[in-house]
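Reader: Hi! I would love a close look at one helix and how it sits among its neighbours. Could you walk me through it, with some context from the rest of the chain?

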Amino acid sequence: MGRKKAAQDEELYAQTAGAIGTLAIAAGCLAAIKDKTGLGWGATLALTAGALVALGYLAWKIRAVVKRLLAGEGITTGLRSDSAPAQAGKAGAETAEEAADDLIAGPARDEELTHALVASGAIGKDQFVRADESVVTPLPHGLGQRFEFKVPVGRTYEHVAAKAGEVAGALGATRLRTQVERGELSERDVDMTVLAQPPFTHAFAPPTKEMILAHEGIPFAHSMTGEVVGIDDFTKGALFVAGMTQTGKSTLTIALITCAFIAYGPDLDVYLIEGKPGALVRFEKLAIRYEASSSASVFDSMVCELLQKQRERYDLDNEAMRERKPKPRHRQILFIADEVADYYVSDGSAEGRKERARMVKNSSELVRKGLECGITVIMMTQRPSDRAVPVEVRDQFKRRICLYVSGKGSAEVALGSDYFKTQSPIHPALMDASIQGQGVYFNGVSSRLIRGIRFPDDFIWRVVDDVLERRGKRIESVPDTPLKKAINLMQERGIDHIRSTELGPALGINEPDPGKLGKKLSADLTVSPEVKSWGRGYTLDRLKQAALTDS
Ligand SMILES: Nc1ncnc2c1ncn2[C@@H]1O[C@H](COP(=O)(O)OP(=O)(O)OP(=O)(O)O)[C@@H](O)[C@H]1O
């Protein structure tokens with residue numbers, strides 16, 4: 001307080017001293033003029049005042065002439081005789097005059113955005129958004145507004161994204177209703193969407209087959225403005241889907257598989273595992289392997305089968321490299337495991353812990369390295385707690401989806417421990433739990449709010465039937481190999497499985513030792529046998545899959 005008073009007193013002294021100084025100079029000037037002109041005090045005062053007014057008028061006149069020249073008035077008034085062009089000339093002169101005013105006063109500001117960005121700290125107090133660099137467009141169906149604008153030099157869209165919550169608040173919206181992205185032209189361009197209502201208040205219609213085929217990636221969700229959102233490329237990242245029970249994990253994953261079959265047709269191989277027959281059973285007929293089991297050993301056997309495939313593909317790639325041939329194209333494989341937490345449970349014994357550690361290592365390797373040779377893993381869990389799914393496995397996922405979870409800890413398990421330090425994070429607990437399928441999609445860099453697509457069952461069945469039919473046609477065109485002969489034989493007999501000891505002789509392998517026969521048969525078919533309740537042998541589905549894989 002004392003310091004403030006002292007500063008005020010000091011300022012008063014300074015101003016008084018300044019005023020006395022100015023008066024002294026003015027008196028000196030007047031005395032000098034009086035001396036030079038030899039006039040009296042009254043006449044000197046009147047002469048000086050008159051001269052100052054004349055100078056002021058001259059300055060104003062020069063400014064007006066400059067403005068007229070900039071407005072092009074001299075040309076329009078001098079040459080136009082008809083009234084309409086003269087009017088147009090006048091209007092033009094006025095707008096140009098405004099422009100000239102702008103040149104003097106600076107460009108107009110977008111007051112609403114400037115206020116929101118300054119208040120939120122996204123731009124500095126002395127900065128502003130230019131009105132001619134901002135466009136506000138209403139979204140269709142009254143969904144809200146889209147703001148496209150440039151932030152001042154020295155700022156980027158990231159400054160706005162980092163303050164998304166504060167900007168939303170300043171605009172009278174919520175963080176959940178606001179999405180900030182980089183605009184197309186430069187880092188200074190911001191593309192911001194602000195919804196009028198909470199997101200996904202109304203359901204969006206699922207995309208048609210044509211829309212899915214036209215999409216650049218593999219769709220699985222809608223954005224908050226109703227656009228289709230997808231994974232751009234399966235080879236770029238495995239996907240981890242977490243959320244509490246009944247939040248929509250399976251619905252979203254089914255949408256992804258459906259769209260993947262639409263995009264890849266018969267060229268997609270899926271391996272599916274879920275605790276009990278549930279959502280994934282819809283694709284059992286299309287799957288190379290479908291398991292309804294919560295047993296860790298079944299999960300492990302699938303992981304090992306895929307690791308084996310991964311090694312084979314690596315060998316093929318290396319061989320091609322050695323022979324200076326292009327890298328072979330591998331069929332895309334999707335491995336989807338529901339409620340993976342069940343498969344990492346250990347009984348606590350030394351043996352159990354060792355077994356779990358082996359599985360963690362194997363599955364982490366599959367998630368990490370599979371991508372390079374066309375194997376993409378999708379894991380789902382309804383238990384996003386630190387211990388349920390091992391962190392070594394979780395850390396391998398670049399893409400994550402978190403549906404509704406109630407706490408920050410669960411969100412960090414689902415989206416990564418550094419998620420809340422990323423640019424513009426969205427807290428999944430803020431989502432409306434009653435809107436199922438709603439989630440945060442984090443691609444490793446930025447997050448966006450999405451809602452999984454829910455396809456009607458008849459649409460999914462049509463996709464499944466279409467792929468089955470196309471596969472059938474593909475198998476018909478397969479060359480006459482032992483594999484094709486085995487398929488034909490089973491189809492002619494109307495059977496869906498056959499024991500090795502029966503199939504071998506039917507294909508001309510006359511070997512009395514069952515072990516040797518089995519080996520020769522599997523080498524000829526290029527498929528290993530399965531052990532089922534009816535014995536050791538082959539199912540028709542497995543052989544058909546193998547024929548497709550080879551084709
Ligand atoms: N996008 C959506 N639109 C409308 N309803 C949805 C959506 N997603 C999910 N649902 C509905 O929510 C319910 C739960 O969905 P789903 O079975 O996919 O959840 P989940 O998380 O897999 O459940 P759980 O963990 O118990 O297996 C279902 O009735 C489903 O139809």
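Author: Happy to; here is the helix, followed by the rest of the chain.

This is a predicted model, in which local features need pLDDT of at least 70, side-chain atom pairs count only at pLDDT 80 or more, and totals for chains, interfaces and linings use all residues. Residues are numbered from 1 along each chain as its sequence is written.

Let's take H11, which covers residues 350-370. Helices are DSSP runs of H or I with at least four residues, strands are runs of E with at least two, and both are numbered from the N terminus. H11 has 21 residues and reaches 29 Å from its first C-alpha to its last, close to the expected 30 Å; that expected span is 1.5 Å times one less than the number of residues.

Which residues of H11 are buried? They are Met359, Ser363, Leu366, Val367 and Gly370. Here, buried means that 20 or more other C-beta atoms lie within 10 Å of a residue's own, exposed means 12 or fewer, and partly exposed is in between, with C-beta atoms placed from the backbone. Seen down the axis of H11, the buried residues fall within an arc of 95 degrees, so they line one face of the helix. The arc is that of the directions from the helix axis to the C-beta atoms. As background, an α-helix has 3.6 residues a turn, so residues three or four places apart point the same way. On the other side of H11, the exposed residues are Ala350, Arg353, Lys354 and Arg358.

And the cover? Helix H10 (296-322), strand E11 (375-381) and helix H12 (391-394) are included in what covers the buried residues of H11.

Now for the wider setting. The chain has 18 helices and 17 strands, and 31% of its 551 residues count as buried. Among contacts between residues at least 6 apart in sequence, 62% join residues at least 24 apart; a contact means C-beta atoms, placed from the backbone, within 7 Å. The domain assignment, an automatic or database one, gives domain 1 (35-104), domain 2 (111-195), domain 3 (237-459) and domain 4 (478-550). Taken over C-alpha atoms, the centres of domain 2 and domain 4 are 64 Å apart.

For another helix, look at H2 (residues 41-71), where Ala43 is found. Ala43 is partly exposed, because 13 other C-beta atoms lie within 10 Å. Its C-alpha atom is separated by 90 Å from that of Ile453, 410 residues away along the chain.

Methods. Two residues are in contact if their C-beta atoms, placed from the backbone, lie within 7 Å.
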